[in-house]
Amino acid sequence: MAATDIRYLRALSKSYPTIRSAACEIVDLNAKLTLPAGTEHFITDLHGEYDQFMHIMRNGSGAIKRKIDDEYGEGASMEEKRSMAALIYYPKEKIAAKKREKIDMDEWYRSNLYHLVRICRTASTKYTRRKVREAIPVRSLRLIEELLSYRMDESNQESYYEKVIDTVISTGLSESLIADLSYLTRRLIVDRLHVIGDIFDRGRYPDRILDELMGHYNVDIEWGNHDIEWMGAAAGSDALIANVIRNSALYGNLSTLEDGYGINLIPLARFAMETYADVPCKGVFRLRTADNDVYDVELDEKMHRAITVLQFKLEGQVIKRHPEYHMDNRLLLDRVDPKAGTVNIDGVNYPMRDMGFPTVDWSDPYRLTEEETELMDRLRDAFLNSEKLQKHVRFLYNRGSLYRICNGNLLYHGCVPFDEKGQFLEVEIEGEKYKGKALYDRIESVIKNGLYSSDTNEKTNSLDMMLFLWESSHSPVFGKNKMATFEHYYIEDASLKKELKNPYYQLLDEVKTAEMILRDFGLDPNTSHIVNGHVPVEAKSGQSPIRCGGKLLIIDGGFSRAYHNKTGIAGYTLIYHSYGMLLAAHEPFEGVEEAVNRGSDIHSHLQVVDRTGNRRTVADTDEGVSLRQEIRGLRELLDAYKKGIIPEKE
């Protein structure tokens, strides 16, 4: 036996010091392989929509209701089942609502505790006792273990069970136990959450979403371009700080920065009011929000203008440092003719809608003034010193990646860049060319290696790479030929505002596209799927989220309110359980109050994407691969004990 094997087995023996302990663990792990595979929940493009996000998290995209239907069937009315579901989603709010009805609360507690234990017991059958025990809130551990172990077919346990429930009610533990059983049910019904990008921008509460995700028991994140934008800003990229503030100003969400993250925007407000005091906005910098959503519209519009000009300057500096980014078409300030009031794009002079550029030196348009430099220093310090933002971004780095392979599914936010010939696009990164999976791996390496580097050049390249990811035509998380921000603000011609998608999106009806991608990422095209976000599927126009013969699923259905009119729905989510895949198309959420008082839920249209011939077990998952490796190691340890190579430790 090799020395490395001996060292490994000696380390393993510290956890399993005897033949019996190792053998018992082998028994447990082998049995676990036969259990049904846990349910995975896929969600994408949250864009700060906290209420809708929380409801879909609580109802598991309808998984809770399906579990109640499976358990009760015709044995309960629709109203009763809706009430059970609402209690599992919002136990605290449901209890408060019932108290206002002046009903016999003891009887209500008793009835609902029976229901919750029944549903929770059924949900727990997919897992080992150890895993269920670890999922139970500590304060209710003994109680819930007792209740879940009750056998309904054993008459001699009935009086014991009833006495436990009666005592729970008489001692005032009902509400906390209901809350803990509801939480445990939600946790057992959905085993893992995948967030496929874009937590930030558009909506007001990305910080609340991240607070929830940080407390989630099993979550991974695949970065979207809006996440990269905020991650780069938090790491100190001036260009991305300007982008974050401009986006927040545009959607009337500066409160996200000020209240959510404690970032002081007073220096920007003062600079904007002083510098642009005599420059009218003329509608060019109008906010995409109702005026009554913003305290001081005029101030926000001037801040919007000031940070937009700064953004163009700062982006220009990065683009000029990196000709390999192929972003020269975004260098537009130096193509403006201030006397004629035009900008030259592709050899054509277009009239500018606005010429309010008091800080631009047209002989060197990308240079910041002293006041702008001082302002950016203060804003950068504010981002770097926001404790909450830094905590959230560190979580995104630790739990996130550009792509993920999980149980035969490839998850990514944007697109694998293709060229016009239908081949993977070669992209130059630091002097070498990469494509497909290698491109993702190299970009992620540059980002993560530079983030905590003490080397100034490495750090700068990492921050610049984030701007590349945010808006380059070669970026796998952006996937368009340009981000036409300048054109949207300053030019009337609608044709210049079009952002053409990467050829990837024109190839999505060809099965070979998905097969080519899956093979490149080391997956079997016959059994694997791609789960993709980023570009809203316009369901009302007949677009389908199921592409490439069912091998690729685009599950961005417009979760953000900003997209509802365009898509006709309020987002897609995906459920992957032991019987196959279900795609859910959601309608807008009416609110927590409606869910609690009327039992209303997000109405979701379900579609079977893929159905397995035999029910998937843990043995068929990535966890199964890990368990079999553990079992092999334990069997080797058993053999070493029996041969006397490693002594037992009694």
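Select arginine 367 to begin: this residue is partly exposed, with a relative accessible area of 40%, where partly exposed lies between buried, under 20% relative accessible area, and exposed, over 50%, for a 1.4 Å probe and protein chains only. The model is predicted, so to speak of local features requires a pLDDT of at least 70 and side-chain atom pairs count only at pLDDT 80 or more, while totals for chains, interfaces and linings use all residues. Residues are numbered from 1 along each chain as its sequence is written, and side-chain values use heavy atoms, with hydrogens and water left out.

Add aspartate 361, partly exposed at 27% relative accessibility, whose side chain meets that of arginine 367 in a salt bridge of 3.1 Å, N to O; the term stands for a side-chain nitrogen of Lys or Arg within 4 Å of a carboxyl oxygen of Asp or Glu.

Move next to arginine 442 and glutamate 430, whose side chains form a salt bridge at 2.8 Å, N to O. This pair links distant parts of the chain, 12 residues apart, with arginine 442 in helix α20 (residues 436–451) and glutamate 430 in the loop between β10 (427–429) and β11 (432–434); helices (H or I, at least four residues) and strands (E, at least two) are DSSP runs numbered from the N terminus. Arginine 442 is partly exposed at 22% relative accessibility, and glutamate 430 is partly exposed at 44%.

Then select Arg192, Asp220, Glu222 and Arg404 together, which salt bridges with shared partners join into one network.

Finish at glutamate 101 and lysine 98, joined by a salt bridge of 3.4 Å, N to O: glutamate 101 is partly exposed at 46% relative accessibility, whereas lysine 98 is buried at 16%.
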